[in-house]
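Hello,

Here is the structure I promised to pass on. Please open it first, then read my notes below.

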Amino acid sequence: MKKKTVWLIVSCLMVLSLVLVSCAPAVPPAEKPAAPPAEKPAAPPADKEEMVKVKLTKLDGTVVEKMVEKPKYGGVITMGHEIDPLNFDDIFVHAYRTWATNLTNEDLLMGDWGRGPAGTGEATWMYYMMPPPGLDKGAVAESWDLLDPDTIVYHIRKGIHFHNRPPTNGRELDAYDVEFSLNRIWDAPTAYHSAGYPKADFIESIKAPDKWTVIFKCKPGKAGLVFEAASEFSKIWPRDAVEEFGNMNDWRQMVGTGAFIITDYVRGSSLTFERSDNYWQKDPVHPENQLPYLDGVKYLFIPDFSTRYAALRTAKVDWLGGIMTPAISWEDAESMIKNSPELMWVEYYSISVPSLDLRVDKPDLPFYDVRVRRALGMAINNKEIVDTYYGGHADWRIVYPTLPVPEFKDAATPFEELPQSAREVFEYHPDKAKQLLAEAGYPDGFKTEVVCTAAHVDLLCIIKEYWAKIGVELILDVREPGVYTSMTLGTVMGHKEMVMAGHMLTNLKFGTELCPGYMSNRTGCNDPVINEAWDEWSARYFEVPGRFKVTKDITPYLHEQVYFLTLPLPTMFTFWQPWVKGYHGETQIGYVNNYDFPTYIWYDQDLKMEMIGRR
């Protein structure tokens, strides 16, 4: 059976709906078979008269000067995507499933495009993450203050206007729209916020005392998580439109302040946007230029990958990649690189490390004993999985909970810095695994089962073979994705022994995955050491160096205890046409702003004409 990374599709989707309670490619460890390659140049160099010098200042005060192509206005980018957005209103589902709103509506804060590959290079903008201070900037909120440990004040930007369509007709956004939107999403029982950050447990009040100020009063110790959810996880809607329409799930009625407006949607076929003429933002790299450059954006929904690839190869689409799912396997990527050398591309780490989450809350299960958990880890030959199953396009030494990217360099722990007691869980030691099982009272092994979906089966069959060598019989309990999600979502676990899952590497929220009361704690873990570290992490949220230090300090303990087994982390691929300019593989500019990069990029129609004979 062809080994594809398709198994990760459900893991990523599940993780992005469960775990979120809470450029250059990533720098790989030394022994990685091949470093994720940088963007591959394909287009001919621009003429000298098309080049301009930009001067940018990094956070440390260093001035960066570089020559870049001068952006041009016009053109419509066509993007290949496998599935429609599930909804158009974020009160109904997780914001990742309403991804179309990232072009039409905005959050209080956003990632700073000028800090990414197009500018100073201090951020990758390839990963789902709440940007550390300095890498973000104001959007709907021009700025914010922490009035006291539990009070956040947002200062709303003046001069932002809603789209010029009824019922707002281009009116100016104000703090009362923000107050309305944020209370609305936290009060909606179907919204992610009500499950991940329940208002009763996290928030005292959300109020706008005047037209340009919004004040969050949070429950003690909750301000950090509330800040993330409020700042870059909540779209701002016009209160009059919601009051008139009831909700914003009809694309024809959607009104926002984003760079684009939806003009047409055919389910299962296409989604079309046109530029908003009253968008407020200037280009952070070229501050004299008004955004957006593009006349429009069009998504074509093509479920079959070979058809999507054919559309890219024949220039029917300009971009092909994946955020919610790794839509391009390494086999297909290698084929595309070989057969379509004109394409631009980038390879980078996935945001979610696949894992086997072991229930540790039931004394009658083998996993209650840490020796058993460690034995199961040592019985898996992760390096062999990388070399064979992934063809080298994965890394077995990525250390949860932090991906080694520039944004989190002070929080990440390289594999080599782990104590041997933690490193050996990643390594292949089958003899020691048998010994540990015998010491734990299982000299002949045991039988266990894992809840999974069909997308996980290939990889789990490999794990099954490894465990059989130490006497552990693994039974795959394969469920339909909807049933799987219902069994693994929430504080009441539906799986009996273990579940094939995944854990985020770019939000650092280990507590939401290992502490009591969080719906992403699928192990039932209640460890006083981790609980104490999480309390400290939460208390020091706004003291970023301290928060990063807590993360780094607790990392060895997390891997010594093995509450879940992390497996090799695969890479992902993004491809685009050479006439898509000012683009370096960015996927989301901030926390959950996936697919919002068309706001900043431009389209070289002349180059397209030169290369394929049409614009």
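Tyrosine 299 is a good place to start in this predicted model. Beyond its neighbours within four places in sequence, tyrosine 299 is in contact with Met79, His81, Trp99 and Leu103. Its other contacts are Ser269, Ser270, Leu271, Phe273 and Tyr595.

Tyr299 also belongs to the largest nonpolar core, which has 133 residues. Tyr299 is among the residues with the most contacts inside that core, and so are Tyr154, Ile156, Trp186, Phe216, Leu271 and Phe510. Helix H6, residues 223–232, gives the most to this core: six residues. Another core, of 58 residues, lies apart from it. Ala333, Leu418, Ala422 and Ile462 are among the members of that other core. In soluble globular proteins, nonpolar side chains tend to be buried together.

Next, leucine 182. It sits in helix H3, residues 175–187. With a relative accessibility of 0%, leucine 182 is under the 20% cut-off, so it counts as buried. Setting aside residues up to four places away in sequence, leucine 182 touches Leu108, Ile206, Phe216, Ala230 and Ser234. Ala230 is 48 residues from leucine 182 along the chain, yet their C-alpha atoms are separated by 7.1 Å.

Now the cavities. How much space lies in the largest cavity? About 140 Å³. The largest cavity is lined by 16 residues, and the closest to its centre are Asn102, Glu106, Met110, Tyr279 and Asp596. Helix H2 (101–104) and strand E4 (109–111) each supply at least two residues of that lining. By type, the lining of the largest cavity has seven nonpolar, five polar and four charged residues.

The second largest cavity has a volume of about 100 Å³. Its lining residues include Gly377, Ile380, Asn382, Val425, Phe426 and Leu558. His559, Val562, Phe564, Leu565, Thr566 and Leu567 also line the second largest cavity. Three elements each supply at least two residues of this lining: helix H12 (420–426), helix H18 (544–561) and strand E20 (564–566). E20 gives the most, with three residues. The lining of the second largest cavity has eight nonpolar residues, four polar and no charged.

Valine 562 deserves a second look. It is one of the residues that line the second largest cavity. Valine 562 is in the loop between H18 and E20. Its phi is near 50 degrees, a positive value in a residue other than glycine. At 2% relative accessibility, valine 562 counts as buried.

Leucine 508 also has a positive phi, about 65 degrees, although it is not a glycine. Leucine 508 is placed in the loop between E19 and helix H16 (511–514). Leucine 508 is buried, with a relative accessible area of 1%.

There are cis peptide bonds to check as well. One joins proline 166 and proline 167, with omega about 0 degrees. Proline 167 is in the loop between strand E7 (151–156) and H3. Another cis bond runs from tyrosine 400 to proline 401, with omega near 10 degrees. Proline 401 lies in the loop between E16 and H12. Most residues other than glycine have a negative phi, and most peptide bonds are trans.

Two histidines to finish. Histidine 495 is in the loop between helix H15 (481–488) and strand E19 (498–504). Is histidine 495 buried or exposed? Its relative accessible area is 1%, and the cut-off for buried is under 20%, so histidine 495 is buried. Leaving aside neighbours within four places in sequence, histidine 495 is in contact with Arg359, Val451, Met487, Thr488 and Arg522. With arginine 522, the side chain of histidine 495 reaches the backbone oxygen at 2.9 Å. The C-alpha atoms of histidine 495 and aspartate 477 are separated by 9.5 Å, and the two residues are 18 apart along the chain.

Histidine 393 lies in the loop between helix H11 (382–388) and strand E16 (394–395). Histidine 393 is buried too, at 13% relative accessible area. Which residue does its side chain meet in a polar contact of 2.8 Å? The partner is the side chain of glutamate 334.

Best wishes

Terms used: Residues are numbered from 1 along each chain as its sequence is written. This is a predicted model: local features need pLDDT of at least 70, side-chain atom pairs count only at pLDDT 80 or more; totals for chains, interfaces and linings use all residues. Side-chain values use heavy atoms; hydrogens and water are left out. A nonpolar core is a set of buried Ala, Val, Leu, Ile, Met, Phe, Trp, Tyr and Cys residues joined through side-chain atoms within 4.5 Å. Buried means under 20% relative accessible area, exposed over 50%, partly exposed in between (1.4 Å probe, protein chains only). Helices (H or I, at least four residues) and strands (E, at least two) are DSSP runs, numbered from the N terminus. Contact means heavy atoms within 4.5 Å. On a 1 Å grid over the protein atoms alone, a cavity is a set of points where a 1.4 Å probe fits but cannot get out, and a pocket is an open set with protein on both sides within 12 Å along at least five of seven lines; lining residues have an atom within 4 Å of a point. Grid points are joined across faces, edges and corners, and a volume is the space filled by probe spheres set on the points. Ala, Val, Leu, Ile, Met, Phe, Trp, Tyr, Cys and Pro count as nonpolar, Asp, Glu, Lys and Arg as charged, and the others, Gly among them, as polar. A polar contact is a pair of N or O atoms within 3.5 Å; within protein, one must be able to donate a hydrogen and the other to accept it, and residues adjacent in sequence count only if both atoms are side-chain atoms.
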